Amino acid sequence: MSVLSGKNVLLGVTGGIAAYKTTYLVRLLIKAGATVKVVMTPASREFVTPLTLSTLSKNPVLSSFTNEDDENDTWNNHVDLGLWADYMIIAPATANTMSKMVAGNIDNFLLAVYCSAKCPVYFAPAMDLDMFKHPSTQHNFEQLASYGNKMIPAGTGELASGLSGEGRMAEPEEIVDFIEKDIASQLPLKGKICLITAGPTYEPIDPVRFIGNRSSGKMGAALALEMATNGAQVILVMGPSHVSSDHHLIDRVNVETAQEMYDTVHEHIHKADYAIFSAAVADYKPINAADQKIKKKSDTLTIELTKNPDILASVGAMDKRPFLVGFALETENELEYAFAKAKKKNTDLLVLNSTRDKGAGFGVDTNKITLIDRDRNTTEFEVKPKSEVAKDIINEIINRTI
Ligand code: CTP
């Protein structure tokens with residue numbers, strides 16, 4: 001999955017012949033999973049039509065402060081658009097637009113959006129070789145870099161003038177590749193390893209029956225995705241679950257029983273910087289699983305159970321251990337039980353769910369959590385989709401450790 005997935009990307013198109021390549025650039029950004037909005041300078045509309053870019057981006061294209069074609073003549077808010085963006089790309093960036101970006105000369109809508117944007121800004125210069133070499137252009141490159149804008153290097157080759165040299169706008173694939181690599185290199189958890197347990201465990205009674213629970217694995221998969229999105233390498237130890245967890249940074253190990261989960265965790269725990277144990281591990285398992293299917297012989301059946309190893313507690317007891325996050329699902333006296341659990345299992349952070357809260361717990365797509373730290377500080381969150389809950393938990397972990 002691309003680092004641009006789920007991100008808001010604002011593409012600023014300026015008036016150079018390379019503008020025609022932005023049609024393909026928009027498609028690549030959409031393919032990467034980004035939401036794309038396009039702003040254009042008036043001059044760029046001569047090179048590529050707003051209709052083409054609005055069709056490809058599935059969003060209206062703006063190039064002036066008001067919509068002249070709209071009888072209500074509504075105001076286009078450059079500030080809102082600037083703040084909406086997670087990333088802004090100016091491609092092609094002409095010498096003229098760059099000089100205005102340097103000087104803060106806001107004589108069109110695109111430049112107003114640029115000056116309002118708080119997000120990282122990338123620019124892909126495109127011009128003829130002599131303009132490219134001109135000291136004013138070179139000076140502007142340096143100035144833009146000093147503002148924190150990132151230049152996507154121009155290529156060398158045949159130019160629209162028929163001359164050959166430096167100044168060709170980077171190809172759309174190169175632009176996306178450059179941005180993805182740049183974002184990935186700066187993710188807060190880059191180089192960190194996180195071990196996550198998720199889903200239920202199944203404890204066999206006989207070859208066809210088991211003791212299990214209703215955990216879906218959704219919360220753990222959302223946590224894995226969020227960790228990976230922030231750059232961490234994730235080892236996801238998943239009990240039986242149909243929930244997918246596709247990301248190139250997630251290695252999934254499917255397990256079935258608590259013992260298998262315990263063994264897999266201890267195989268990997270020594271390399272982990274973080275461990276998040278969200279699995280609903282069966283506390284007990286049948287002492288002896290029958291080799292053959294148990295036949296319906298008597299009116300009652302007694303199955304003797306024995307305790308499973310407590311994976312979270314076993315890691316909490318290690319001398320050298322990762323930053324440790326546990327979960328607690330309670331039905332009553334929530335805080336009291338959770339404080340005791342956090343102490344007993346030695347967690348750095350405990351995520352408390354209560355079955356009494358609507359929209360929390362197993363099987364649903366939402367959750368409601370309270371985070372509890374070592375000093376018994378509590379932070380309560382609203383009911384949210386599990387993907388948002390995962391963001392809250394991972395943000396808290398990043399704030400506390402990075
Ligand atoms: N956990 C674990 N191994 C177990 C049982 C639980 O790793 N054998 C972890 C869970 O993944 C969770 C935390 O411990 O992070 C708390 O699980 P919970 O079932 O709420 O607590 P228990 O210790 O089982 O206590 P109880 O069921 O008595 O509330």
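Here are legends for a few close-up views of this predicted model.

**View 1. Who sits around the ligand.**
The ligand has 14 residues around it, and Phe277, Ala279, Phe327, Lys341 and Lys345 are the ones that come nearest. Sorted by class, the shell holds nine nonpolar residues, four charged ones and one polar one. As for the spot itself, the ligand takes up the space of the largest pocket.

**View 2. Which elements build the shell.**
Three elements each chip in at least two shell residues: helix H11 (311-316), strand E16 (323-330) and helix H12 (334-345). Which of the elements gives the largest share of the shell around the ligand? That's E16, with four residues.

**View 3. Backbone atoms up against the ligand.**
Zoom in on the polar atoms and the protein backbone shows up three times over the next few sentences. At Phe277, a backbone N or O atom lies 2.6 Å from one of the ligand's oxygen atoms. Leu312 also takes part through its backbone, with a polar atom there 2.8 Å from a ligand oxygen. Pro309 faces a nitrogen atom of the ligand instead, and the gap to its backbone N or O atom is 2.9 Å. How much of the ligand does the protein cover? On its own the ligand has 570 Å² of accessible area, and the protein covers 76% of that.

**View 4. A five-stranded parallel sheet.**
Read across this open sheet and the strands come in the order E2-E1-E3-E4-E5, with parallel pairing. Strand E2 (35-40) and strand E5 (150-151) are the edges, each pairing on one side only.

**View 5. Where E4 meets E5.**
Strand E4 (residues 121-125) runs parallel to E5, and two bridges join them. Look for Phe123 here: standing opposite is Met151, in E5.

**View 6. A cis proline in E3.**
Peptide bonds are mostly trans. The one from Ala91 to Pro92 is cis, though, with omega near -10 degrees. Pro92 is part of strand E3 (residues 87-93), and E3 is one of the strands of the open sheet in View 4.

**View 7. A lysine with positive phi.**
Outside glycine, most residues have a negative phi. Lys58 goes the other way, with a positive phi near 65 degrees. Where is Lys58 found? Check the loop between helix H2 (50-57) and helix H3 (78-84).

How values were computed. Residues numbered from 1 in each chain as written. Predicted model: local features only at pLDDT ≥ 70, side-chain atom pairs only at ≥ 80, totals over all residues. Heavy atoms only, no water. Near = heavy atom within 4 Å. Polar contact = N/O pair within 3.5 Å; in protein donor to acceptor, adjacent residues only side chain to side chain. Areas by Shrake-Rupley, 256 points an atom, 1.4 Å probe, with all protein chains shown as cover. 1 Å grid on protein atoms, 1.4 Å probe; cavity = no way out; pocket = protein on both sides within 12 Å on 5 of 7 lines; lining within 4 Å. Sits in = over half its atoms within 2 Å of the grid points. Nonpolar A, V, L, I, M, F, W, Y, C, P; charged D, E, K, R; others polar. Pairing = 2+ DSSP bridges.
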